[in-house]
Amino acid sequence: MFDLKTYLTALRQLVDDRLSDYLGGDEPATRILQAMSYSVMAGGKRLRPILCIAAAEAVGGDRHVVLPMACALEMIHTYSLIHDDLPAMDDDQTRRGKPTCHKQFDEATAILAGDALLTLAFEILAKAGSQKTTGEEGSRWLAAAFKMTTAVGHEGMIDGQMRDIRFEGRVISQTELETLHRLKTGKLIEASVETGALLCGASVDQRKALLAYAQSIGLAFQVADDVLNIKGDPQRLGKATGTDQQRGKNTYPALIGLAGAEHLASRLVNKALKAIDTFDNKADSLRAIAHYVIERTR
Ligand code: GRG
């Protein structure tokens, strides 16, 4: 019987150890590394790296092969959080239970820490790809890096963030909200699953199924995030709740009610499970993560 708790704990440790190595260990030498490490090592759930590894293992791959990609995903995710928390964006005071990067350091350092994490992520991918001995492996890393750039660039995550900012103060349709989230949160989650599978030589059919899985859990994750902003425990979440309503944000509970949002989240999880129903028990981690995405308390 698959035990999600044990699986998550082991993978978090594996990812955290490698992230710490990339970021100068326990005592980062420079102020910029200190700021980068402060935010990355502040204790996130590591959902994106874990999805990358779980997708790799679902297609028979090895977690150590995709570890650099898993870390790059977490660095890009953390950069987006640091920048999202800035005064010019959401102006948040706490993140992962600690003062936000610009509060702990200063605004300029937080901007640079985000920039440096984004750059380091691509340095890691380029290095991993260039160290491969066969052309096939090198090509996979190049394709995975390309997938990552499109997921987080101006037609992906940044487009989503731009829409979020531009929609502030006006009520949008459910379709507009869905597009926003598919870009802002969904694209990186898709890239996590897709790169894990791609790097481990998944077939076209496997990749198609995994993309459908990722699209559904990506949206379910965001719907659950909206619900947690209302029902969650700020202590457990490590950030304030009720903020979406205060800021007049477009959210699923605001649009379709709290019960409607919860129902939508569980429908999306069922859709995700169906997408991978032809996979064997090596995909049990992905199945358990799909449930976790909406049952989580932080
Ligand atoms: C490019 C500046 C910029 C932003 C990109 C992703 C994003 C847009 C901003 C993040 C802000 C945010 C709160 C989005 C909602 C969903 C989300 C990504 C929550 C945080 O992710 P978790 O719950 O966090 O995985 P941990 O701390 O566990 O890693």
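**Figure 1. Burial of Arg-46 and its salt bridge to Asp-16.** In this predicted model, Arg-46 is buried, at a relative accessible area of 2%. Its partner Asp-16 is partly exposed, with a value of 24%. The two side chains form a salt bridge with an N to O distance of 2.7 Å. This pair connects distant parts of the chain, 30 residues apart. Arg-46 sits in the loop between α2 (31-40) and α3 (47-58), whereas Asp-16 belongs to helix α1 (residues 4-22). Arg-46 counts as buried because its 2% relative accessible area falls under the 20% cut-off.

**Figure 2. A salt bridge within helix α7.** The side chains of Arg-140 and Glu-136 meet at 3.1 Å, N to O, in a salt bridge. Both residues are part of helix α7 (residues 135-152). They are separated by 4 residues, about one turn of the helix. Arg-140 is partly exposed, having a relative accessible area of 24%.

**Figure 3. The salt bridge between Lys-282 and Asp-280.** An N to O distance of 2.8 Å is found for the salt bridge joining the side chains of Lys-282 and Asp-280. Both partners are partly exposed: the relative accessible area is 39% for Lys-282 and 40% for Asp-280.

**Figure 4. A salt-bridge network.** Lys-282 and Asp-280 form a salt bridge. Elsewhere, Asp-16, Arg-46, Glu-74 and Arg-96 are joined into one network by salt bridges that share partners. Over the whole structure, the search gives 19 salt bridges.

Definitions and conventions:
Residues are numbered from 1 along each chain as its sequence is written. This is a predicted model: local features need pLDDT of at least 70, side-chain atom pairs count only at pLDDT 80 or more; totals for chains, interfaces and linings use all residues. Side-chain values use heavy atoms; hydrogens and water are left out. A salt bridge is a side-chain nitrogen of Lys or Arg within 4 Å of a carboxyl oxygen of Asp or Glu. Helices (H or I, at least four residues) and strands (E, at least two) are DSSP runs, numbered from the N terminus. Buried means under 20% relative accessible area, exposed over 50%, partly exposed in between (1.4 Å probe, protein chains only).
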